[in-house]
Amino acid sequence: MTSRLPRFANVLIVTLACLTAAACQLKRPETIPVRTIEPQMAEPAAAGPKAPNAVPVRLLDTQRRGHIGHALLHQRPDGEVVEDPAWRWSAAPDRYLDTALRYEISAAPGLRPVDSGTAQAVAVTLLSWHLESAGASRLVGAVQLDVTGTDRAIRTQVIRASEAVSAELPGDLAAAAGRLLRRLASDVAGRIPGPPHASR
């Protein structure tokens, strides 16, 4: 009888410990599922014949400001930029822009993409890529274009563009992003200078 009592006490203690542990488990925090958006870019136009005096261009890899990544950024009316808690880009926007630039330069009759150190070099940096919510929602993008000529002089320009998007996410954000990327790429290609004697 005395040997059963300690065994019963041990079982009772273990049972109480298990019940206490189960009751003390922390509730998992509620997390918002992450959803991704991929810009819808139209198929590139078939490259036509190149002009006899097409400008050779070496396109460097597109860069981005450090804060531009997979997160979808919102700029509030007071200017503060915040990350969207649910929506993400499927890849960093500078990767899409790099693709759009290569399509645009390859299709331009006055530009000939080359991989030569003697050609003028074109570097593009994505400076901003966010939704502005002041008034109607717009997706805004800005790039810095640096053209290093054969004379090693660097010419810098900033190009800014925007596209209207529907208020409810994701809405037409993927299509608007594709249009904005192609527009920025087209503006970059149009601002690459030709040789001094060429009329463009």
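This report describes the architecture, salt bridges and helix packing of a predicted protein model.

**Overall architecture**

The protein contains three helices and nine strands. Read from the N terminus, its elements follow the order α-β-β-β-β-β-α-β-β-β-β-α. Of the 200 residues in the protein, 34% are buried. The accessible surface amounts to about 12,100 Å², and carbon and sulfur atoms account for 56% of that area. When contacts between residues at least 6 apart in sequence are considered, 67% of them join residues at least 24 apart.

**Salt bridges**

Ten salt bridges are found in a search of the whole structure. Three of them are listed below with the separation of their N and O atoms.

| Acidic residue | Basic residue | N to O distance |
|---|---|---|
| Asp94 | Arg64 | 3.0 Å |
| Glu104 | Arg182 | 3.7 Å |
| Glu163 | Arg183 | 3.4 Å |

The side chains of Asp94 and Arg64 form a salt bridge at 3.0 Å. Asp94 belongs to helix H2 (residues 93-107) and Arg64 to strand S3 (residues 63-64), so this pair ties together parts that are 30 residues apart in sequence. Asp94 counts as buried because its relative accessibility is 5%, under the 20% limit for that class. Arg64, by contrast, has a relative accessibility of 36% and counts as partly exposed.

A further salt bridge joins Glu104 to Arg182, with the closest N and O atoms 3.7 Å apart. Here the link runs between distant parts of the chain, from Glu104 in helix H2 to Arg182 in helix H3 (residues 173-190), across 78 residues. Both Glu104 and Arg182 are buried.

Glu163 is bridged to Arg183, the closest N and O atoms lying 3.4 Å apart. Glu163 is in strand S9 (residues 154-164) and Arg183 is in helix H3, so the two positions are 20 residues apart. Glu163 is buried, with a relative accessible area of 14%, whereas Arg183 counts as partly exposed at 38% relative accessibility.

In addition, Asp61, Asp98 and Arg102 are connected in a network of salt bridges.

**Helix H3**

Helix H3 contributes a partner to two of the tabulated bridges, through Arg182 and through Arg183. At 1.5 Å a residue, its 18 residues should span 26 Å, and the end C-alpha atoms of H3 are 25 Å apart, in agreement with that expectation. The buried residues of H3 are Leu173, Ala174, Ala176, Ala177, Gly178, Leu180, Leu181, Arg182, Leu184, Ala185, Val188 and Ala189. An α-helix has 3.6 residues a turn, so residues three or four places apart point the same way. Among the buried positions of H3 are Ala177, Leu181, Leu184 and Val188.

**Aromatic and cation-ring contacts**

One aromatic pair is counted in the structure. Separately, the charged end of Arg35 sits over the ring of Trp87, at 5.8 Å from the ring centre.

**The segment after H3**

Pro193 is located in the segment after H3. With a relative accessibility of 28%, Pro193 counts as partly exposed. Its C-alpha atom is 9.3 Å from that of Gln120, although the two residues are 73 apart along the chain.

Conventions. Residues are numbered from 1 along each chain as its sequence is written. This is a predicted model: local features need pLDDT of at least 70, side-chain atom pairs count only at pLDDT 80 or more; totals for chains, interfaces and linings use all residues. Side-chain values use heavy atoms; hydrogens and water are left out. A salt bridge is a side-chain nitrogen of Lys or Arg within 4 Å of a carboxyl oxygen of Asp or Glu. Helices (H or I, at least four residues) and strands (E, at least two) are DSSP runs, numbered from the N terminus. Buried means under 20% relative accessible area, exposed over 50%, partly exposed in between (1.4 Å probe, protein chains only). The expected span of a helix is 1.5 Å times one less than its number of residues. Rings of Phe, Tyr and Trp (its six-membered ring) pair if their centres lie within 6.5 Å; planes under 30 degrees apart count as stacked, over 60 as edge-to-face and the rest as tilted. A charge sits over a ring if NZ of Lys or CZ of Arg is within 6 Å of the ring centre and within 35 degrees of the ring normal. Contact means heavy atoms within 4.5 Å. Accessible areas come from the Shrake-Rupley method with a 1.4 Å probe; for residues, only the protein chains shown count as cover.
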